[in-house]
Amino acid sequence: MRSPLPVRDGVNATRLRLPREGEWATVMDYVLHRFGHVDPDGIVGRFRGGEVVGVGGVVLDEATPLGAHEFLWYYRNLPAEEPIPFTETILHRDGDLLVVDKPHFLPTTPGGRFVQESALVRLRNRLGIPDLIPMHRLDRATAGVILFSTNPDTRGAYQVLFERREIRKEYECVSALSPSPGAGTHEAGPSGHEFPLVYRNRMAKVKGTLLSTVEDGEPNAESRVDLIRTGRSGGTHAGTDVGLFRLRPHTGKTHQLRVHMAVLGLGILNDPFYPVLLDKAPDDHARPLQLVARSIAFRDPLTGREVEFRSAQQLLERPE
């Protein structure tokens, strides 16, 4: 459902679904019940100032009865944010598609304490494209290539590629190795595995929880893992035996590659979630997660041409 309020400062208006009936006489009474513990004066001020609207932009005031509208929209107050000291790089831009090389620590979309400091809002403000929408997402901790739609009229053509799994994604990661890393690809390698390998399991994630979990049952997550090379890290893990791996996900479960590498005994360096959830701490910009979405390739549905976009991000702990 399209918002009757335009994007403001790069951020969409917030939509709230209203109950048809209840113990509240007015829409404002219900909203105060839901969110009055956060900002009661701000809520009342919005209704009195004509800043809350329903479908078609109809203004809802403090006397609007509950049940008269199914949805409302309003602009929320934006939190104060510490700037993320890394900048996204534009790899490609045309009338339909924007391709960006996202840095570590920058979320794809607004959420929690990151609103203005998200790739979507930054790019809307930077490029003046209020209709910009991400076609997929990367974890905040993961760097690399991400696609955005710039044209609502052609957005569906690209979305179909994701639905049909016709987008080819390739990632790279650096993991610490066991004491005997083996000779490399196609031979006995780290943690006793033989590469390349295809790993499958069943994953689940409960909304509101940090971690994805592994369950018994029919696999719903699949990744191909190749060992590119081994050596010693020269970064903050200097002297550690590490491997540079190429990862190709066939499915797209939350944290899939991070979970699969951890289960294989090859947890990605600087991962605060897997295999062990670490205590929450401020971001350490010197120790980014050693995972990058290296490339995305597909046949463009509008031109019919094969295209590929590659990230220039370098993993600091990679073996030379």
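These legends accompany several close-up views of a predicted model.

**View 1. The largest nonpolar core and its best-connected members.** This core has 33 residues, and Phe148, Val225, Phe245, Leu247 and Met261 are the ones that touch the most other members. Helix α3, spanning residues 119-127, supplies the largest share of the core, with four residues. A second, separate core is made of 15 residues, including Trp24, Ile43, Val52 and Leu72. As a bit of background, nonpolar side chains tend to be buried together in soluble globular proteins.

**View 2. The surroundings of Leu247.** Which residues does Leu247 touch, once those up to four places away in sequence are not counted? Its partners are Lys169, Glu170, Tyr171, Cys173, Arg224, Val225, Leu257, Met261 and Leu291. Two of these names, Glu170 and Arg224, are worth keeping in mind, for they are linked with Asp226, Arg246 and Arg248 in a network of salt bridges.

**View 3. The hairpin of β12 and β13.** Strand β12 (residues 291-299) and strand β13 run antiparallel and are joined by five bridges. Six residues lie between the strands of this hairpin, in which Gly304 takes a positive phi near 80 degrees. Strand β13 covers residues 306-310, and its two faces are easy to tell apart: Val307 and Phe309 make up the covered face, while Glu306, Glu308 and Arg310 make up the uncovered one. Look for Phe309 on the covered face; Ile296 stands opposite this residue.

**View 4. Helix α1 and what covers it.** Which residues of helix α1 (residues 27-35) are buried? Val27, Met28, Tyr30 and Val31 are. Seen down the helix axis, the buried residues fall within an arc of 155 degrees, so they line one face of α1. Among the elements that cover them are strand β1 (14-17), helix α2 (40-48) and strand β2 (71-74).

**View 5. Leu266, a buried loop residue.** Leu266 sits in the loop between helix α5 (256-263) and strand β12. Is Leu266 buried or exposed? Leu266 counts as buried because its relative accessibility is 0%, and the cut-off for buried is under 20%. To place this view relative to helix α1, note that Leu266 and Met28 are 53 Å apart in space, C-alpha to C-alpha, and 238 residues apart in sequence.

**View 6. The salt bridge between Glu70 and Arg17.** In the whole structure, 21 salt bridges are found. In the one shown here, the side chains of Glu70 and Arg17 meet at 2.5 Å, N to O. The pair links distant parts of the chain, 53 residues apart, with Glu70 in the loop between α2 and β2 and Arg17 in strand β1. Glu70 counts as partly exposed because its relative accessibility is 27%, whereas Arg17, at 54%, counts as exposed.

**View 7. The salt bridge between Arg140 and Asp283.** Here the two side chains meet at 2.9 Å, N to O. Arg140 belongs to the loop between β5 (133-134) and β6 (143-149), and Asp283 to the loop between α5 and β12, 143 residues apart. Arg140 is partly exposed, with a relative accessible area of 23%, and Asp283 counts as partly exposed at 31% relative accessibility.

**View 8. The salt bridge between Arg202 and Glu215.** How far apart are the closest N and O atoms of Arg202 and Glu215? They are 3.9 Å apart. Arg202 lies in strand β8 (residues 197-204) and Glu215 in strand β9 (residues 213-215), 13 residues apart. Arg202 counts as partly exposed at 29% relative accessibility, and Glu215 counts as partly exposed at 38%.

Key. Residues numbered from 1 in each chain as written. Predicted model: local features only at pLDDT ≥ 70, side-chain atom pairs only at ≥ 80, totals over all residues. Heavy atoms only, no water. Core = buried A, V, L, I, M, F, W, Y, C linked by side-chain atoms within 4.5 Å. Buried < 20%, exposed > 50% of the residue type's maximum accessible area, 1.4 Å probe, protein only. Contact = heavy atoms within 4.5 Å. Pairing = 2+ DSSP bridges. Arc of directions from axis to C-beta. Salt bridge = Lys/Arg side-chain N within 4 Å of Asp/Glu carboxyl O.
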